[in-house]
Amino acid sequence: MSLKPRVYRDIEIEGARSLHDLAEAIVAAFDFDLDHAFGFYSDLKNPYSRSGERYELFADMTDSDGGSVKRTKVAQVFGVVGKKMLFLF
């Protein structure tokens with residue numbers, strides 16, 4: 001039986017920072033470049049559904065029905081301990 005190791009990072013960021021700042025921190029922690037669109041989604045299994053919370057880079061660039069990652073603060077989204085959002089990059 002072969003077990004795949006889980007890859008994770010602990011990231012800490014001030015609540016007054018934007019979701020865009022959080023995305024930059026996540027991507028940098030995995031040694032990637034922030035070079036394409038991304039979003040945060042409350043639906044962990046189906047992020048493309050229109051239900052639930054959505055914060056997308058496209059909301060800052062075009063007419064999107066998701067929330068802005070540049071104008072939304074981390075504390076606004078993660079105000080409850082244990083809340084989970086899917087970061088799709």
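These are my notebook entries on a predicted model of one protein chain.

**Entry 1. Overall layout**

I began with the element count and found 3 helices and 4 strands in the protein chain. Read from the N terminus, the order of elements is α-β-β-α-β-α-β. I then took the extent of the C-alpha trace, which spans about 50 × 30 × 30 Å along its principal axes. The chain has 89 residues, and 29% of them are buried. For contacts between residues at least 6 apart in sequence, I noted that 47% join residues at least 24 apart.

**Entry 2. The sheet**

I asked in what order the strands stand in the sheet. The order is S3-S2-S1-S4, in an open sheet of 4 strands with mixed pairing. Strand S3 (67–68) and strand S4 (86–88) each have a single partner strand, so each stands at an edge with one side lacking a neighbour in the sheet. I looked at one pairing in detail: S2, residues 54–56, runs parallel to S3, and 2 bridges join them. Within this pair, Tyr55 has Gly67 of S3 as its bridge partner.

**Entry 3. Helix H1 on the sheet**

Next I looked up what packs on the sheet, and found helix H1, residues 19–29, in touch with S1 (39–41), S2 and S4. The direction of H1 makes about 100 degrees with that of S1. I listed the buried residues of H1 as Leu19, His20, Asp21, Leu22, Ala23, Ile26 and Val27. Their cover includes S1, S2 and S4 from the sheet, and also helix H3 (74–77).

I picked out His20, which lies in H1, and checked whether His20 is buried or exposed. Its relative accessibility is 14%, and because the cut-off for buried is under 20%, His20 counts as buried. Beyond neighbours within four places in sequence, the contacts of His20 are Leu34, Phe38, Leu57, Val69 and Lys70.

**Entry 4. Ser18, ahead of H1**

I moved back to Ser18, in the segment before H1. Ser18 is buried, at a relative accessible area of 6%. I wanted to know which residues Ser18 touches, not counting those up to four places away in sequence. They are Val69, Lys70, Thr72, Lys73 and Val74. For Val69 I also took the C-alpha to C-alpha distance from Ser18: 6.5 Å, across 51 residues of sequence. Val69 and Lys70 had already come up among the contacts of His20.

**Entry 5. After H1: Asp31**

I checked the backbone where H1 ends. Asp31 follows the helix and is found in the loop between H1 and S1. Its phi is positive, about 60 degrees, although Asp31 is not a glycine. I recorded Asp31 as exposed, with a relative accessible area of 72%.

**Entry 6. The largest pocket**

I looked up how much space lies in the largest pocket. The value is about 350 Å³. The lining consists of Arg9, Ile11, Ile13, Leu22, Ile26, Phe30, Phe40, Val74, Phe78, Met85 and Phe87. Sorted by class, this lining has 10 nonpolar residues, 1 charged and no polar ones. Two names in the lining, Leu22 and Ile26, are also on my list of buried residues of H1. Val74 of the lining is a residue that Ser18 touches.

**Entry 7. Two exposed positions**

I looked at Glu12, in the segment before H1. Glu12 counts as exposed, at 81% relative accessibility. From Glu12 to Phe78 the C-alpha to C-alpha distance is 12 Å, with their places 66 residues apart in sequence. Phe78 is one of the residues lining the largest pocket.

My last look-up was Arg71, in the loop between S3 and H3. Arg71 has a relative accessible area of 61%; the cut-off for exposed is over 50%, so Arg71 is exposed. Arg71 and Lys83 stand 20 Å apart, C-alpha to C-alpha, and 12 residues apart in sequence.

Definitions and conventions:
Residues are numbered from 1 along each chain as its sequence is written. This is a predicted model: local features need pLDDT of at least 70, side-chain atom pairs count only at pLDDT 80 or more; totals for chains, interfaces and linings use all residues. Side-chain values use heavy atoms; hydrogens and water are left out. Two strands pair if DSSP finds at least two bridges between them. Contact means heavy atoms within 4.5 Å. Axes are lines fitted to C-alpha atoms, for helices over the stretch in contact, and angles run from 0 to 180 degrees between N-to-C directions. Buried means under 20% relative accessible area, exposed over 50%, partly exposed in between (1.4 Å probe, protein chains only). On a 1 Å grid over the protein atoms alone, a cavity is a set of points where a 1.4 Å probe fits but cannot get out, and a pocket is an open set with protein on both sides within 12 Å along at least five of seven lines; lining residues have an atom within 4 Å of a point. Grid points are joined across faces, edges and corners, and a volume is the space filled by probe spheres set on the points. Ala, Val, Leu, Ile, Met, Phe, Trp, Tyr, Cys and Pro count as nonpolar, Asp, Glu, Lys and Arg as charged, and the others, Gly among them, as polar.
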